[in-house]
Amino acid sequence: MLWVTTVVLWASVSHVYGYSKQFPPGFKFGAATAAYQVEGAYNVSDKGECKWDRLTHRYPELFTNHDNGDNACKSYYYWRRDIEMAAELGLQFYRFSISWPRLLPTGLPNEISDDGKNYYNNLIDGLLERGIEPIVSIYHWEMPQLLQDLGGWANPKISDWFADYARVVFTLFGDRVKIWLTINEPIVECDWYYGQGILAPQLDYYVGPYMCNKNLLLSHAKAYRVYDREFRHKYHGKLSIVNHLLWLKPYSSEYEEDAEIARQFLTGRYAHAIYSKKGGWPSVVEKTVAKVSKEQGFRESRLPPFTKEEIELVRGTYDFFAMNHYTSRLVRTAEPDEDVVESLFTYIPDADLVLENDPTWTYGYSETMPIYPPGIREQMEWVRKHYGDVDIFITENGYSTGGSNLDDDARISYIRSYLEEVLLAIQEGINVIGYTYWSLMDNFEWTGGYGTKFGLYEVDFSDPHRKRTARKSARYYADLISNRSLYIPPACQSNSFK
Ligand code: BGC
């Protein structure tokens, strides 16, 4: 009786006050992982070495506890359990990535691994059998070491190598995969790895990021054109690059213009060429880098120009706008002689802009990810203003904890507060088509090793079988998905978990 009264009361209150917080019918919910972070089995059969294998083995001191992805979550062996978890959650899709050297041991299509092919076929078919859509990232940072040794993204040939790899992937899996993400977070790949001297390949700070930036955009575009020419007519899939969007607010109103410059440097530099009507580099970036390069004594701008053909090649190579969003920053100009922290997301060297956390923002285990939920909506408003009424797909959003804890209320409130803002964006008429929680399970969090945990499922890394256990947030997310609402009737607590 009490149960019935509660449900009736809940239903009427939510109806009367519009509290139902319902997601629109076509909106999809999912969760994500990436190959190096979960698969393990780094050297089974003919798998080639990727740049993370090399880096973690050669420079273990760069990683918390000297952790590496040699075994990770052993998803190479336990993929059936991963699918079962996705089904327990009621996910509509699961986003995972293909390891380039697992499929192409040399990085080039002269040799296709049967073992790699079988692994991804099993995963895709297993998901489809449970009614879960596979959404596949073609590249989530696993550059084959053989290609990295030739310069990786700094080598102009990379765009052909990447397009060749993409063609293999479309040929093998395109009949069943309808949403493709070409390259995950180019800014992290280029500005961090090729710029900060922290991670491989430790190229020149000034030149590396921009060489990578241009070649990577061409690589994405060539892969997109391959799909257009050879596959779209039979498979009717959709593609996007995955933009990493850090929402940038002015430190105070006097820095509004600087905040916009910062957005063009961090977002526009990877999105403008693809999504804007004009294509090419954002003009403020082009002018600023040319000016600073000259002052530094370079003969030409360190930002490599696009030819007219290249602008046309890249422009419009999208079917939707994929964005990963976790956090925000405040922007201000650097003080004269300020001792800035030269790192991605703390300083933009060419624009001399400092990025800071607002001291009122709290954060989870990762201090670099302060929580500012309206940032996700403000970011989407910016995308619409600059690139028009494009469909926006949130391909990552997540919260980190440290240590073992199954009662992760803070993660639940993070998810709820960010999704509240997504609903507001939808009410404003922004076409948000889906939300992806990062991550399905705890995994190898790059330099943070296994100590930083983003999972809906906790993974026991000391267990040889990598037991996965649902956290409270997994149950919350499952209820949210089945109700398609942020308000979950008390009687609808999920019990589908192992
Ligand atoms: C990356 C993931 C990473 C997550 C949390 C994203 O930027 O795509 O690979 O684990 O952030 O740091």
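**View 1. Helices H14 and H15 meet in this predicted model.** Start with H14 (residues 374-387) and H15 (residues 409-427), whose axes come within 7 Å and cross at roughly 30°. Angles under 35 degrees count as roughly parallel, and H14 and H15 are therefore roughly parallel to each other. As for the hand of it, H14 passes H15 in a right-handed crossing. On the H14 side, look for Pro 374, Ile 376, Arg 377 and Met 380. Their partners on H15 are Tyr 418, Glu 421, Val 422, Leu 424 and Ala 425. Sort the residues of this contact by class and you get seven nonpolar, two charged and no polar.

**View 2. Helix H11 packs against helix H14.** Here's H14 again, now with H11 (residues 256-275) as its partner. The two pack at about 55°, and their axes are 12 Å apart. H11 and H14 are therefore oblique to each other, and the crossing is right-handed. H11 brings Glu 260, Arg 263, Gln 264, Thr 267, Gly 268, Ala 271, His 272 and Tyr 275 to the contact. H14 answers with Gln 379, Trp 382, His 386 and Tyr 387. By class, the contact of H11 with H14 holds six polar, four nonpolar and two charged residues.

**View 3. Helix H10 crosses helix H11.** H10 takes in residues 208-235, and its axis comes within 10 Å of that of H11, with a crossing angle of roughly 35°. This crossing is right-handed. From H10, pick out Pro 209, Tyr 210, Asn 213, Leu 217 and His 220. They meet Phe 265, Arg 269, Tyr 270, Ala 273 and Ile 274 in H11. The tally for the contact of H10 with H11 is seven nonpolar residues, two polar and one charged.

**View 4. His 236 sits in a loop with a positive phi.** Follow the chain on from H10 and you reach the loop between that helix and strand E5 (238-244), where His 236 lies. Phi of His 236 is near 55°, a positive value in a residue other than glycine.

**View 5. A ring of side chains and a ligand.** Which residues surround the ligand? They are Gln 37, His 140, Trp 141, Asn 184, Glu 185, Tyr 326, Met 369, Glu 396, Trp 438, Glu 445, Trp 446 and Phe 454. Zoom in on Gln 37, and you'll find a polar side-chain atom 2.8 Å from an oxygen atom of the ligand. For Trp 438, an N or O atom in the side chain is 3.2 Å from a ligand oxygen. Tyr 326 also has a polar side-chain atom by a ligand oxygen, at 3.4 Å.

**View 6. A cis peptide bond follows Trp 438.** Stay with Trp 438, one of the residues that surround the ligand. Its peptide bond to Ser 439 is cis, with omega near 15°. Where does Ser 439 fall? You'll find Ser 439 in the loop that runs between strand E13 (432-438) and strand E14 (452-453).

Key:
Residues are numbered from 1 along each chain as its sequence is written. This is a predicted model: local features need pLDDT of at least 70, side-chain atom pairs count only at pLDDT 80 or more; totals for chains, interfaces and linings use all residues. Side-chain values use heavy atoms; hydrogens and water are left out. Axes are lines fitted to C-alpha atoms, for helices over the stretch in contact, and angles run from 0 to 180 degrees between N-to-C directions. Helices (H or I, at least four residues) and strands (E, at least two) are DSSP runs, numbered from the N terminus. Angles under 35 degrees count as roughly parallel, over 145 as roughly antiparallel, 65 to 115 as roughly perpendicular and the rest as oblique. A crossing is left-handed if the near helix is turned anticlockwise from the far one by less than a right angle, and right-handed if clockwise. Contact means heavy atoms within 4.5 Å. Ala, Val, Leu, Ile, Met, Phe, Trp, Tyr, Cys and Pro count as nonpolar, Asp, Glu, Lys and Arg as charged, and the others, Gly among them, as polar. A residue is near a molecule or strand if one of its heavy atoms lies within 4 Å of it. A polar contact is a pair of N or O atoms within 3.5 Å; within protein, one must be able to donate a hydrogen and the other to accept it, and residues adjacent in sequence count only if both atoms are side-chain atoms.
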